[in-house]
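Thanks, everyone. I'd like to spend a few minutes on the cysteines in this one, and then on what surrounds them. Here it is.

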Amino acid sequence: MGFTVLIVGLLGLLAAPGFAYTININGDSNVDGSGQQSVSINGVHNVANIDNNNGWDSWNSLWDYENSFAATRLFAKKSCIVHKMNKDAMPSLQDLDTLVKQQKGKGPEGASPKDLMYSINPTRVEDVNTFGPKIASMCRGIPTYVAEEIPGPNQPLYSKKCYTANILWILRMSFCETSVETY
């Protein structure tokens, strides 16, 4: 019996589909100027989870490649922002895995990150299940809003009312108010 449990346990470790990477980041508004990002990739469920631990500016982002939606939970705002994934700007799951491995132990090197800016609709989402079970699990129980991508030329109009989530040195996503709202 003990041998069977040992074999099943070892097989579980070998078959684990997810990989997690932790990368130290600097200069992201924390008191001492540093924080940490963890990227977990699950190829079986087609999901990437990015955790940014940086004091009050911490956030968590879930990229659901299966349903083409992403959600970012902003802890300072106590809210969840859901948006359609821009597959032209956001790396594929395989590319994200490669980029994270390349960035581990390095700082911001190479090309500037891609910028995506989103306008947040102030109307709260009634049913988070609309975005699939993965996003629903992350956003259930907290105020959730939908954001639409803002095309490049209109971005400067929103620069003062935005909350920015930098994903490693690959992608910078800004979530911007459209009016006075509590997101």
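Start with the S-S bond of Cys 162 and Cys 176. The torsion about that bond is about 100°, so this disulfide is right-handed. Keep in mind that we are looking at a predicted model. The S to S distance for Cys 162 and Cys 176 is 2.0 Å. The pair links distant parts of the chain, 14 residues apart. Cys 162 is in strand β9, residues 162–167. Cys 176 is in strand β10, residues 171–176.

Now, how accessible are these two cysteines? Cys 162 has 23% relative accessibility, so it counts as partly exposed. Buried would mean under 20%. Cys 176 is buried, with a relative accessible area of 0%.

Look along β9 next. Its side chains alternate. Tyr 163, Ala 165 and Ile 167 point to one face, and they are buried. Cys 162, Thr 164 and Asn 166 point to the other face and are not buried.

What about the pairing of the strands? β9 and β10 run antiparallel, with six bridges joining them. Take Tyr 163: its bridge partner in β10 is Phe 175. Three residues sit between the strands of this hairpin. Leu 168, in the hairpin, takes a positive phi near 50°.

On to the other cysteines. How many disulfides does a search of the whole structure find? Two. The other bond joins Cys 80 to Cys 139, with S to S at 1.9 Å. Cys 80 lies in strand β6, residues 79–84, and Cys 139 in helix α3, residues 133–139, so this pair ties together parts that are 59 residues apart in sequence. Both Cys 80 and Cys 139 are buried. Number the bonded cysteines in sequence order, and the pairing reads 1-2, 3-4.

Last topic: the nonpolar cores. The largest one has 30 residues. Which residues have the most contacts inside it? Trp 63, Met 90, Leu 96, Leu 171 and Met 173. Of these, Leu 171 and Met 173 fall in the stretch of β10, residues 171–176.

Take Met 90 as an example. Leave aside its neighbours within four places in sequence. Met 90 is then in contact with Trp 63, Ala 70, His 83, Met 85, Leu 116, Leu 171 and Met 173.

There is also a second, separate core, of 14 residues. Cys 80 is one of its members, and others include Val 47, Phe 69 and Ile 142. That brings us back to the disulfide of Cys 80 and Cys 139. Happy to take questions.

Definitions and conventions
Residues numbered from 1 in each chain as written. Predicted model: local features only at pLDDT ≥ 70, side-chain atom pairs only at ≥ 80, totals over all residues. Heavy atoms only, no water. Disulfide = S-S within 2.5 Å. Helix = DSSP H or I, 4+ residues; strand = E, 2+ residues; numbered from the N terminus. Buried < 20%, exposed > 50% of the residue type's maximum accessible area, 1.4 Å probe, protein only. Pairing = 2+ DSSP bridges. Core = buried A, V, L, I, M, F, W, Y, C linked by side-chain atoms within 4.5 Å. Contact = heavy atoms within 4.5 Å.
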